[in-house]
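The exercises below are meant to be worked through slowly, with the sequence and the structure side by side. Try each task before reading its solution.

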Amino acid sequence: MPETSPWLTPSRALLLFFAYEMASPCRGLASQLVVGVQSDPMGGLVSALHIVIRVARAVAVDETITPTKGSRVGFPQPWERLVSAPGGGAADVDVAVEAFGAPFASPLLTRRASTRFVPGKTELLRLQLELPCVVYPPRPDGIKMPGPLSGPTCVAPMTCIMGSCQSDVVRPDGLEPYAPDWPTNAPDRCKRRNAGPPALQIGTGQTSYLPLAPGQTLQAEAGPQGGHHIWIATRMKNLKQRLTTTRIEGVQPETRATIPPSTFVFTYAPDEGDYCKLYGLRYQLDNLGIDYKQFLGKALDVVVTLTDTSGSTAKATARIQVAPTLVNP
């Protein structure tokens, strides 16, 4: 009967087994997912986030986030959390993010997402909190909020994306490889890698982008908050889809009377030909309280400037004719 080496004790044999398992090319590859939450600028509207992550239907993260030292400036900031698949498999991951703001008891915005781990990889599930998805609930004191609701109320498993209810499912092949600088390196459908120079077109439209003919007449109308506006839309490419600033100003070419600029920070929607579009922009003729009647029945040069987070800019001017009467006086 052969002798057993005294060095190979049962405990040492167990350690060797685990070392082999970890060194094997088929072992030790963790299935991990980083849930990354970032936000459009909310202007102090949001005072807390409640984030729940479920892995294989079990709660893995349940966290409430508030601004540091009570300041809402720049909140919400990018947030991330790493979760792992049990057993290194392809388990389901479900995420729900609720954004709250005083004095409302119910969430102003709910963003959901569901996906699966990619075996052996560390991927990123990116969730964007978007201003067009904010819905103002009734105030507890009964005071009515001005203006229309900003976004729809979506019933799970649907979620609000770019102002409309869409499926919350993110296919595993739609996840991104995780990188520490993920908040600033987002893939962009409007500004692709090695993009050319920015391009900008000015149009009109409340619910879609419509091109403008030279000197086209636009009808001003009274808005829900007492102002008087025309509808402006934009179409661009080679600028960032998110957080691009859209600045609109107007000049009456004969009198040189100017309309104070309006600035919007909304997410652009993909359009044909590698373009992206933004519509439903209320440009007030009486911005900051100036007299809108001086622009009725006259030409107006509408100047639009886009600036994205990388500093790239595009500028265009369109001359329109403002109708002499309001559509809904």
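A residue is called buried when its relative accessible area is under 20%, exposed when it is over 50%, and partly exposed in between, with a 1.4 Å probe and protein chains only. The model is a predicted one, in which local features need pLDDT of at least 70 and side-chain atom pairs count only at pLDDT 80 or more, while totals for chains, interfaces and linings use all residues. Residues are numbered from 1 along each chain as its sequence is written, and side-chain values use heavy atoms, with hydrogens and water left out.

**Exercise 1. Describe the chain as a whole.**

Begin with burial: of the 329 residues in the chain, 42% are buried. Next, take the secondary structure, where helices (H or I, at least four residues) and strands (E, at least two) are DSSP runs numbered from the N terminus; the chain has one helix and 21 strands. Finally, turn to contacts, meaning heavy atoms within 4.5 Å: among those with a separation of 6 or more, 70% join residues 24 or more positions apart.

**Exercise 2. Find the largest nonpolar core and say which strands supply it.**

A nonpolar core is a set of buried Ala, Val, Leu, Ile, Met, Phe, Trp, Tyr and Cys residues joined through side-chain atoms within 4.5 Å. The largest has 35 residues, and Leu-49 and Ile-53 have the most contacts inside it. At least two residues of this core come from each of E1 (32-39), E2 (48-55), E3 (58-65), E4 (79-84), E5 (92-100), E6 (109-116) and E7 (122-129). Another core, of 33 residues, lies apart from it and includes Cys-276 and Leu-281. Looking closer at Leu-49, and leaving aside neighbours within four places in sequence, its contacts include Phe-75, Val-97 and Leu-129.

**Exercise 3. Is Ser-47 buried or exposed?**

First locate Ser-47, which lies in the loop between E1 and E2. Then consider its relative accessibility: because this is 19%, Ser-47 counts as buried. As a last step, list its contacts beyond four places in sequence, among them Ile-65, Arg-72, Phe-75 and Phe-100.

**Exercise 4. Follow strand E7 through its pairings.**

Start with its cover: seven of the eight residues of E7 are buried. Two strands pair if DSSP finds at least two bridges between them. E1 and E7 run parallel and are joined by eight bridges, with Val-37 opposite Leu-127 in E7. E7 is also joined to E10 (residues 176-177) by two bridges, in the antiparallel sense, and here Glu-123 has Pro-177 in E10 as its bridge partner.

**Exercise 5. Which strand gives the largest share of the lining of the second largest pocket?**

The answer is E7, which supplies four residues of that lining. E1, E7 and E9 (164-167) each supply at least two. Of the 34 lining residues, the closest to the centre of the pocket are Arg-126, Glu-176, Pro-187, Gln-241 and Arg-242.

**Exercise 6. Trace the order of strands in the open sheet that contains E20.**

The order of its five strands is E13-E21-E20-E16-E17, and the pairing is mixed. At the edges stand E13 (217-218) and E17 (258-264), each of which pairs on one side only. Within the sheet, E20 (residues 299-307) and E21 (residues 313-322) are antiparallel partners over nine bridges, and Asp-301 stands opposite Arg-319 in E21.

Conventions
1 Å grid on protein atoms, 1.4 Å probe; cavity = no way out; pocket = protein on both sides within 12 Å on 5 of 7 lines; lining within 4 Å.
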